[in-house]
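This briefing walks through one protein chain, from its overall build to a pair of strands, a pocket and some backbone details. Please keep the structure open while reading.

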Amino acid sequence: MKLSQFRFKLPDERLAIEPPHKVFENEDGTVEKVYRRDECRMMVVHRKSQTIDMYVKDSEGNDTNEFLKFRNLIDYFEEGDTIVLNDTKVFPARLYGTKEKTDAKIEVFLLRELNEELRLWDVLVEPARKIRIGNKLFFEDDGPMVAEVIDNTTSRGRTLRFLYDCPHDEFKQELFSLGSAPLPRYIIDKREATADDMENFQTIFARNEGAVTAPSSGLHFSRELMKRLEIYGINFAYITVHCGLGSFDTIEVEDLTKHKMSSEQIHVGSEACQIVNEAKRNGHRVCVVGVTTMRATETAVGTDGMLKEFDGWTNKFIFPPYDFGLADMMVVNFYGSESTMLMATAAFGGYDLIMQAYQKAIDNGYMFGCYGDCMLILDD
């Protein structure tokens, strides 16, 4: 397929810059926001019957005027089904420092630690034109955190050596205390990251640190909904995909077969394989949450349709047509024009049906992006 087939116009106000929330005014006049993860809208796409549901149905099966919310997810599952979730944990990857001598403000986006002993990190810097090998960056006026640029990696990429003499755990704690939630650029351009974002931009089941962006489709799960699903007899299988920035890379070729995805580190353990494969053998359905999770399961699935243990990296790029090996259902967000996430969604749900769903989402006020609304794709 061609890049231009995934191009659409999205009104700027449809990009969600905050999670679903309600605003309350206290007696003293201060305003308080209460965030509710499972209150986003949920569109349900049926890929075999080629139908799309947006509204809660009444007792006779007719649409009401009430939009489906993510908390209605449980209505589409059966006892014994399994949900595959990504338990990666986002770290506060965005820091701001000043350049030695000029005091120019520099954004430093941490990507990954290269060497613990030498305090080497792979980072992106902005504005990159001001940062050269040998430059020093200071992250506090009188604080001890200083970094030296020792290499160029890409146009915006640099290798930094942090000059901080202390035990590694103490260094990392100090480094992360200076950072903020690594929100996407379309949010940061409109508002600063807040303390709330470090919690909101993290799934409630996050435990393995290493992601520089959230597995956003998993952000909708609340503790209350997880408990309801558990009581109902739904199983959860956790794998780890350390989400990188590759999904946000601009595709610069019209022929999608010529695009190369950046790699992401994944771990699929024996426990997840056992839970997923037992569901498959017993005729139950498997729902994969998020495009990054889907890339991982498609990397680790065997030719027999069973999930295999895997520890390594994947740069799998999924776009139509694609023959999926594992999932029966999928939860995804609504993504931007020409994005690799939209392409993977279209591969799973069918290009024509997904593009129709996207147009319905735009026409009916759905919100896009990591803090936006979501879609459940069913194989019925």
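Two strands are said to pair if DSSP finds at least two bridges between them. With that in mind, Val 84 stands opposite Ala 237 in strand β16, and this contact between strands is taken up again below. The model is a predicted one, and every value given here was computed from it.

**Overall build**
- The secondary structure of the protein chain comes to eight helices and 21 strands.
- For 380 residues, a compact globule would be expected to have a radius of gyration near 21 Å, and the 22 Å found for the protein chain agrees with that expectation.
- Along its principal axes, the C-alpha trace of the chain spans about 70 × 60 × 40 Å.
- Of the 380 residues, 52% count as buried, and among contacts with a separation of 6 or more, 69% are made by residues 24 or more positions apart.

**Strand β7 and its neighbours**
- All five residues of strand β7, which covers residues 82–86, are buried, so this strand is largely enclosed by the rest of the structure.
- In a regular strand the side chains alternate between the two faces of the sheet.
- In β7 both faces are covered, with Thr 82, Val 84 and Asn 86 buried on one side and Ile 83 and Leu 85 buried on the other.
- Strand β16, residues 235–242, pairs with β7 in the parallel sense over five bridges; here Ile 83 stands opposite Phe 236, while Val 84 stands opposite Ala 237.
- Strand β18, residues 286–289, also pairs with β7 in the parallel sense, over three bridges, and Val 286 is the bridge partner of Thr 82.

**Strand β16**
- Six of the eight residues of β16 are buried, so β16 too is largely enclosed by the rest of the structure.
- Besides its parallel pairing with β7, β16 pairs in the antiparallel sense with strand β17, residues 264–268, over three bridges.
- In that antiparallel pairing, the bridge partner of His 242 is Gln 265 in β17.

**The second largest pocket**
- About 260 Å³ of space lies in the second largest pocket, and the elements that give two or more residues to its lining are α3 (195–200) and α4 (223–232).
- Helix α3 gives the most to this lining, with three residues.
- By class, the lining has two nonpolar, two polar and eight charged residues; the lining residues include Arg 36, Arg 37, Asp 38, Glu 39, Asp 196 and Glu 199.

**Backbone details**
- Most residues other than glycine have a negative phi, and most peptide bonds are trans.
- A cis peptide bond joins Glu 126 and Pro 127, with omega about 0 degrees, and Pro 127 is found in the loop between β11 (120–126) and β12 (136–138).
- Another cis peptide bond joins Pro 320 and Pro 321, with omega about -10 degrees, and Pro 321 has its place in the loop between β19 (310–314) and β20 (329–333).
- Gln 50, in the loop between β3 (42–46) and β4 (51–53), has a positive phi near 60 degrees and is partly exposed, with a relative accessible area of 46%.
- Asp 103, in the loop between β9 (94–99) and β10 (105–115), has a positive phi near 60 degrees and counts as exposed at 59% relative accessibility.

Definitions and conventions: Residues numbered from 1 in each chain as written. Predicted model: local features only at pLDDT ≥ 70, side-chain atom pairs only at ≥ 80, totals over all residues. Heavy atoms only, no water. 1 Å grid on protein atoms, 1.4 Å probe; cavity = no way out; pocket = protein on both sides within 12 Å on 5 of 7 lines; lining within 4 Å. Points joined across faces, edges and corners; volume = space filled by probe spheres on them. Helix = DSSP H or I, 4+ residues; strand = E, 2+ residues; numbered from the N terminus. Nonpolar A, V, L, I, M, F, W, Y, C, P; charged D, E, K, R; others polar. Buried < 20%, exposed > 50% of the residue type's maximum accessible area, 1.4 Å probe, protein only. Rg over C-alpha atoms; globule rule 2.2 N^0.38 Å. Contact = heavy atoms within 4.5 Å.
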